[in-house]
Amino acid sequence: MSDNTDFKIFIVEDDPWYGNLLVHHLSLNPDYDVTLFTTGKEVLKALSEGPDLLCMDYGLPDIEGEKLVKHILKVDSEIPIIVISGQEDISVAVSLLKSGAKDYIVKDDHAKDILWKSIINIRENLSLKKEVEKLQDELKVKYDFEENIIGQSPAIKKTFKLVQKAIKTNINVSLAGETGTGKEVYAKAIHFSSKRRKKPFVAVNMGAISKDLAESELFGHEKGAFTGASGTKKGKFEEADGGTLFLDEIAEMDLGLQTKLLRVLQEREVVRVGGNTPIPIDIRLISATHKNLTEEVKEGHFREDLYFRIIGLPIELPPLRDRDNDVLILAKHFIEEFAKENLEPPPTLSSEAKKKLKEYPFPGNVRELKATVELACVMSENQMIKEEDLTFSQISSKPFFGMSDKTLKEYNNEIISYFLDKNDGNVLQTARKLDIGKSTIYNLINDGEISTKK
Amino acid sequence: MSGTPLFDLEPLRQLSGGDESFVKHMLGVFDKLVQETIENFQSALEEKDWEKASKAAHKIKPSLDQLRIDSLRNTVREIEAFPKKDVADYDISAKINEMIHTLNKVTSQLKS
């Protein structure tokens, strides 16, 4: 497309009468830069000038209309072509539109007005297309793999290599990892770095949609398919056509729906609920779960054939506690991001705060770290995050006994403390649960080796 | 001008947006097109090449419609469609001669 502000229109018309009329008519718009060609060969030579739109006669002396459309689109598949012809045969129009022409106008008294409107419509579409491309470029930057997946640890670098392979190919990808490890961030990064980035990225959380609605949500429905289906609705598969469908928490999908999903993936076509017509689909599937899918298969909760269909390239996202120094790299990143959003200088982490971050196991992973760091930014003073500014979530303080080097005695005490808290300080219940004597617990409390919050 | 005008310049004038030089330019284009069409029709008659006549008719058709030369509206379409017809239900030579005659009359009216 031409870079200047003029909208460059090429007219190909061997009839000098009609050609001159069109040039005059279209030149009434000062934005249009109109050039007339009288043969197909002439216009093919001039395509390198980058016209924004081409308006051609069907019956040229040197090249047949449909052939010329195909030739032009071979050189530049994006250029909109309007065919104007004295042929009133509908089959000619259909054939040309199938070949890629954007419009077909019959040479009659209304032709010039129809052409005028057609060009306006095409310009509007081009402008929308440009806008979409601009937004897609912005999205690419926003979800760019190298910008968004941060870390230097061997565990995370191992995933980088796999993501690079996923980007280059069309293989299905299955992401596994604890909650908060960034499964959706990875899915978006793969999509927006792949060849499919200009097509939709559609995310569906299978854990968040009810069993009754899941089928219609994924595959769409026809009008009247069920009570409340007042109109036809496209499903997520159709929405994602040409792009990527991200099925999060896929292990939550019920077995009946798994069978239907398997069929769609095998046949590469979808049939809407209440419909009969198969609709071809072209998607890359990225699935994710925090559960162990092989275990789910063994326990009969997940179909084995579907497992093999979706597993594709498996990427295991490491928990934050296994990512060495990444916790500090990420913390710095989140601090800078928070400061930027709030137009403030970024605070620094004190060495005690760094130590505290490194020792904490972050069961909520990167998501928890981000929330912790943002709160610490708010609580900090004098641009310094101190140890006391870091508050860890009580919700996620679930038992985890492997985060640092401790003696067996220390681990024992930690386990007893945890269950004591869980049982509201009830020593008897805790002793029963852990199959130890209640006096053991009382002795530890009396010796000050464990304490209870209750 | 001799006799009732066979054409109407009003649609062309409307299209010109008041630009009389454009009207003159287009009438010059039409004159050349008519000469070219008559030549093609004559050689088509000599060679009995109805495909050639059809192409010439197809090319001049929009200008005839634009200038409201209604007396040729059907004739030009009949000549254009003739090669595609399975059964010849009209005398194409007579139609071509009729067109040549009318076109000559139109150009002479335009020049007067």
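In this predicted model, the side chains of A:Arg272 and A:Glu238 meet in a salt bridge, with a distance of 2.9 Å from N to O. The pair joins distant parts of the chain, since A:Arg272 sits in the loop between strand 11 (269-271) and strand 12 (278-280) of chain A while A:Glu238 belongs to helix 10 (residues 236-239) of chain A, and 34 residues separate the two. Over all chains, a search of the whole structure finds 32 salt bridges.

Between chain A and chain B, by contrast, the count of salt bridges is 0, although 3 residue pairs are in polar contact, with both residues of each pair at pLDDT 80 or more. Helix 1 of chain A gives the most to the side of chain A that touches chain B, namely 7 residues, and that side is made up, by class, of 4 nonpolar, 5 polar and 5 charged residues. The contact as a whole draws 14 residues from chain A and 20 residues from chain B. The size of an interface is often expressed as the accessible area lost when the parts come together. Here the area buried between chain A and chain B is about 1,600 Å², and carbon and sulfur atoms give 64% of it. Within chain A, the residues that lose the most area to chain B are A:Trp17, A:Leu21 and A:His24, which together make up 42% of what that side buries.

Turning to empty space, rolling a probe the size of a water molecule over the atoms shows where such space is left. The count comes to 1 cavity of 30 Å³ or more, and the largest cavity holds about 130 Å³ of space. Its lining comes from both chains: chain A supplies A:Tyr18, A:Leu21, A:Leu22, A:His25, A:Lys107, A:Asp108, A:Asp109 and A:Lys112, and chain B supplies B:Leu15, B:Pro62, B:Asp65 and B:Gln66. Helix 1 (16-27) of chain A and helix 3 of chain B are the elements that give two or more residues to this lining, and the largest share, 4 residues, comes from helix 1 of chain A.

The second largest pocket has a volume of about 820 Å³. Of the 34 residues that line this pocket, A:Gly59, A:Gln87, B:Ser54, B:Lys55 and B:His58 are the closest to its centre. In chain B, helix 2 (20-47), helix 3 (50-66) and helix 4 (73-81) each supply at least two residues of the lining of the second largest pocket, and helix 3 of chain B gives the most, with 9 residues.

The table sets out the two linings by residue class.

| Lining | Nonpolar | Polar | Charged |
|---|---|---|---|
| Largest cavity | 5 residues | 2 residues | 5 residues |
| Second largest pocket | 10 residues | 8 residues | 16 residues |

Helix 3 of chain B thus appears in both settings, as one of the elements giving two or more residues to the lining of the largest cavity and as the element that gives the most to the lining of the second largest pocket.

Note on methods:
Residues numbered from 1 in each chain as written. Chains lettered and ligands numbered in written order. Predicted model: local features only at pLDDT ≥ 70, side-chain atom pairs only at ≥ 80, totals over all residues. Heavy atoms only, no water. 1 Å grid on protein atoms, 1.4 Å probe; cavity = no way out; pocket = protein on both sides within 12 Å on 5 of 7 lines; lining within 4 Å. Points joined across faces, edges and corners; volume = space filled by probe spheres on them. Nonpolar A, V, L, I, M, F, W, Y, C, P; charged D, E, K, R; others polar. Contact = heavy atoms within 4.5 Å. Buried area = accessible area lost by both parts, 1.4 Å probe. Salt bridge = Lys/Arg side-chain N within 4 Å of Asp/Glu carboxyl O. Polar contact = N/O pair within 3.5 Å; in protein donor to acceptor, adjacent residues only side chain to side chain.
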